[in-house]
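Visitor: I should like a close look at a single chain of this entry, taken element by element. Please then set that description in the context of the whole model.

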Amino acid sequence: MTPIEFDFLKKFLKDRSGLVLSDDKQYLVESRLLPIANNSGLETLSKLVQELQRPGSRKLQEDVVEAMTTNESFFFRDKTPFDNFKEIMMPHMLEARGSSRSVKIWCAAASTGQEPYSLAICLKEMGPKLAGWRTRIVGTDLSAEVLEKAKAGLYSQFEVQRGLPIQLLLKYFEQKGDLWQIDAGIKAMVELSKLNLLENFSHMGEFDIIFCRNVLIYFDQATKSEILGRLAKLMPEDGYLVLGAAETVVGLTDAFKPVSGKRGLFQRNSTAGVSAARTRPLAAGLAGRV
Amino acid sequence: MKQCLVVDDSSVIRKVARRILEDLNFEITEAEDGQQALDECRKNMPDAILLDWNMPVMDGLEFLTSLRGEDGGENPIVVFCTTENDVAHIARAIRAGANEYIMKPFDREIVEAKFQEVGLI
């Protein structure tokens, strides 16, 4: 792709979707748009760029916008939520769920699978501490297409290099040509299904920990509040909610309160009048921590 | 300011890496092969080393093995940065004492993520 062609794509995407593409994102454009080009019988990105400028290429234009605006996902993205998972949420659950020995986790924007698989790797790395425990990770996403990729568990060299320590790459991935396949054991820990957060999700059951990062940003205030309220109803009183680093519940709901000093981490607010019936007895020793 | 030694026989790669790492507040020195890198380390042990594998005179793995045997050579954090992208090479590098491993081609985000991973930033 020539600089002129790249500039064309930059302007095209900015005009169509507001997406701002920096100059070091050429690899991203290539990895996302080559499959689109090939699907349309175009061998190179240069031909794709030519085709985009042709009147009547509306379908192709839409495909290109969609491919480029799908949220990028990294393994262990932002690191802190996963540190909090290992150092705060899971230690709490290990103590509080001593009798049921069961922890349920929901990734509400699983995208291409990196987040639920990162959580599965965290659990696996906890090793003997979780012996005899049942852990369940459910990943959902609005897009069937990204879930297909998540289910395949195949990632490019770029995807496995951002956020994933090399030791974990060696331990939990197998090289398949140019791609890296996630370990079958890790894959088996994650259940993936399609779900729209705007629709009723009360059938999902109860979750101790919900990751819902960088997805509420797409909704207006009223919808955010409403979704947060429904998430709270799925959680026990000591459940944790993880939002994106720049997101908050403040001003949206009193069903959750921030965990002091931990950006993006929230706990059910037991003083608020959320009408979630407890379905799980409090474990001994928990009182006072909630 | 932390010091990073960039070791690569390609001046283009050294230049790209220098630009990325200077933005991350590193002071950069450069070497074109393992022997030059070893000489540089004997003069002044850096905090971090970004290390290519295939180079003339002395390759990256030989350099790393020698470095780890030097006085103070256990201190620098070594991040391989190479086109060798198979499991066998990665495992050899880790066994020889590499702290992280970047498979080329790389970009700013990968360097930043890997340097964060090993606690350099």
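Guide: Helices and strands are here DSSP runs numbered from the N terminus, a helix being H or I over at least four residues and a strand being E over at least two. On that basis, chain B contains 5 helices and 5 strands. The model is a predicted one, and chain B, the part chosen for the close look, has an average pLDDT of 96, with 100% of the residues scoring at least 70.

Along the sequence, the elements of chain B follow the pattern β-α-β-α-β-α-β-α-β-α. In space, 5 strands of chain B form an open sheet in the order E2-E1-E3-E4-E5, and the pairing is parallel. The edges of this sheet are strand E2 (26-31) and strand E5 (100-103) of chain B; each has a single partner strand, so one side of each is left without a neighbour in the sheet. Between neighbouring strands the average turn is 20 degrees, direction ignored.

At the E2 edge, strand E1 (residues 2-7) of chain B runs parallel to E2(B), and 6 bridges join the two. Within this region B:Leu5 stands opposite B:Thr29, a residue of E2(B). Helix H1 (residues 11-23) of chain B packs on the sheet here, where it touches E1, E2 and strand E3 (48-51) of chain B. The direction of H1(B) makes about 165 degrees with that of E2(B).

At the other edge, helix H5 (residues 108-117) of chain B lies across strand E4 (77-82) and E5 of chain B. With respect to E5(B), helix H5(B) runs at about 170 degrees. The loop between E5 and H5 of chain B holds B:Pro105, and the peptide bond that leads from B:Lys104 to B:Pro105 is cis, with omega near 0 degrees.

As to overall dimensions, the C-alpha trace of chain B spans about 35 × 30 × 25 Å along its principal axes. A compact globule of 121 residues would have a radius of gyration near 14 Å, and the value for chain B is 13 Å, which agrees.

The context is supplied by chain A. The model as a whole scores ipTM 0.92 and pTM 0.79. Across the interface, 17 residues of chain B are in contact with 10 residues of chain A. The side of chain A that touches chain B comprises 4 nonpolar, 4 polar and 2 charged residues.

Chain A has 10 helices and 10 strands. Its domain assignment lists domain 1 (3-69) and domain 2 (80-268), and the centres of these two domains, taken over C-alpha atoms, are 31 Å apart. A:Lys79 is located in the loop between helix H4 (58-69) and helix H5 (80-96) of chain A. This residue is not a glycine, yet A:Lys79 has a positive phi of about 60 degrees.

Chain A also has an open sheet, built from 7 strands in the order E6-E2-E1-E7-E8-E10-E9, and its pairing is mixed. Strand E6 (190-194) and strand E9 (256-258) of chain A are the edge strands, each pairing on one side only. In this sheet, neighbouring strands are turned against each other by 25 degrees on average, direction ignored. Helix H7 (residues 144-152) of chain A packs on the sheet and touches strand E2 (134-141) and E6 of chain A, its direction making about 160 degrees with that of E6(A). Elsewhere in the sheet, strand E7 (residues 209-211) of chain A pairs with strand E8 (residues 240-242) of chain A in the parallel sense, over 3 bridges. There A:Phe211 stands opposite A:Val242 of E8(A).

The C-alpha atoms of chain A fill a box of roughly 65 × 45 × 35 Å along the principal axes. For 290 residues a compact globule would have a radius of gyration near 19 Å; chain A has 21 Å, which agrees.

Finally, a remark on confidence in chain A. Its mean pLDDT is 88, and 91% of its residues reach 70 or more. Residues 274-290 of chain A have a pLDDT below 50, and this stretch has 23 contacts in the model beyond near neighbours in sequence.

Technical notes: Residues numbered from 1 in each chain as written. Chains lettered and ligands numbered in written order. Predicted model: local features only at pLDDT ≥ 70, side-chain atom pairs only at ≥ 80, totals over all residues. Contact = placed C-beta atoms within 7 Å. Nonpolar A, V, L, I, M, F, W, Y, C, P; charged D, E, K, R; others polar. Domains from an automatic or database assignment. pLDDT = per-residue confidence, 0-100. Pairing = 2+ DSSP bridges. Axes fitted to C-alpha atoms, helices over the stretch in contact; angles between N-to-C directions. Rg over C-alpha atoms; globule rule 2.2 N^0.38 Å.
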